[in-house]
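Please open the model in a viewer and keep the selection panel at hand. The tour below proceeds stop by stop, stating what to select and what is found there.

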Amino acid sequence: MQNPDRMTEGPHILIVDDNREIRELLAKYLAKNGMRVSQSANAADARRALKEKAIDLIVLDIMMPGEDGLSLCRHVQETSEKPVIFLSAMAEDTDRIVGLEIGADDYLTKPFNPRELLARIKAVTRRSNTLPQAETALSDAKSIRFDRWVFDPERREVRDKDGTFLNLSTGEFRLLSVLLRHPGVVMTRDRLLDLTRGRDSAPFDRSMDNQVSRLRKKLERDPKNPEIIKTVWGGGYVLSCQVEPQ
């Protein structure tokens, strides 16, 4: 694994791509713009880097020999809260949506301008750094009760009254935190995308619908007849249950 780490105060970026030319080009550009950079040629190498280094964000290629980027992203979501930006030569909407559904924070299709990647990295790291403060601002209480669930923003946990924890992806946790900050307010898909990912939605983008569906399956007693997250036809979604500090 090549390691052009830079002793700067910028975020530490891990670039995971089997194409050496792309890795080195992006590493040089990001380092020039004040970021620390490490490189991995495959998922196994990346897993070692994540254990050994304090990585702040992962730039991850989807199509790699052996373990692909989707599988590695699932591992990242299960073991940490590190943001992920996907890179892919595939422009199909389904591939982009799958990547976002499993918890990626953003998605770029090759070829792309390194300046665009730099802008995406800055936006994602800015959101990641401000998210805990925004969540804590829900209340002076350490946790929030809604329906039969308890939301703990400091521990980034959701549990029921019996103490059973929900396994939420980073994307699902962010979506829930946004809805809890706006109980009773109709949130459009575009607004939810902006607040959870900081990006404008593309025409016919249904990734938020899929994210809501996945969250409902974990929160609702009957996902087909939701009582917590309701659909407002032509409008978006609304958190319809009572929210109170605990």
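**Stop 1: strand β4**

Select strand β4 (residues 84–88): five of its five residues are buried, so the strand is largely enclosed by the rest of the structure. Buried here means under 20% relative accessible area, with exposed over 50% and partly exposed in between (1.4 Å probe, protein chains only). Strands (E, at least two residues) and helices (H or I, at least four) are DSSP runs, numbered from the N terminus.

This is a predicted model, in which local features need pLDDT of at least 70 and side-chain atom pairs count only at pLDDT 80 or more, while totals for chains, interfaces and linings use all residues. Residues are numbered from 1 along each chain as its sequence is written, and side-chain values use heavy atoms, with hydrogens and water left out.

Now display the side chains of β4. Val 84, Phe 86 and Ser 88 lie on one side and Ile 85 and Leu 87 on the other; all are buried, and both faces of the strand are thus covered.

**Stop 2: the neighbours of β4**

Add strand β3 (residues 57–61), which pairs with β4 in the parallel sense over four bridges; two strands pair if DSSP finds at least two bridges between them. Ile 85 in β4 is the bridge partner of Val 59.

Next, add strand β5 (residues 106–109), which runs parallel to β4 and is joined to it by four bridges. Here Leu 108 of β5 stands opposite Leu 87.

Then select helix α3 (residues 69–79), which with β3 and β4 makes a right-handed β-α-β unit. Right-handed means that, with the strands pointing away from the viewer, the path from the first strand over the helix to the second runs clockwise.

**Stop 3: an aromatic pair**

Where is the one aromatic pair that a search of the whole structure finds? Select Phe 151 and Phe 173, which are stacked at 5.1 Å centre to centre, with 25° between the planes. Rings of Phe, Tyr and Trp (its six-membered ring) pair if their centres lie within 6.5 Å; planes under 30 degrees apart count as stacked, over 60 as edge-to-face and the rest as tilted. The pair links distant parts of the chain, with Phe 151 in strand β7 (residues 149–152) and Phe 173 in helix α6 (residues 170–181), 22 residues apart. Phe 151 is buried at 0% relative accessible area, and Phe 173 is buried at 4%.

**Stop 4: helix α6**

Extend the selection to α6, where 11 of the 12 residues are buried, among them Arg 174 and Leu 176.
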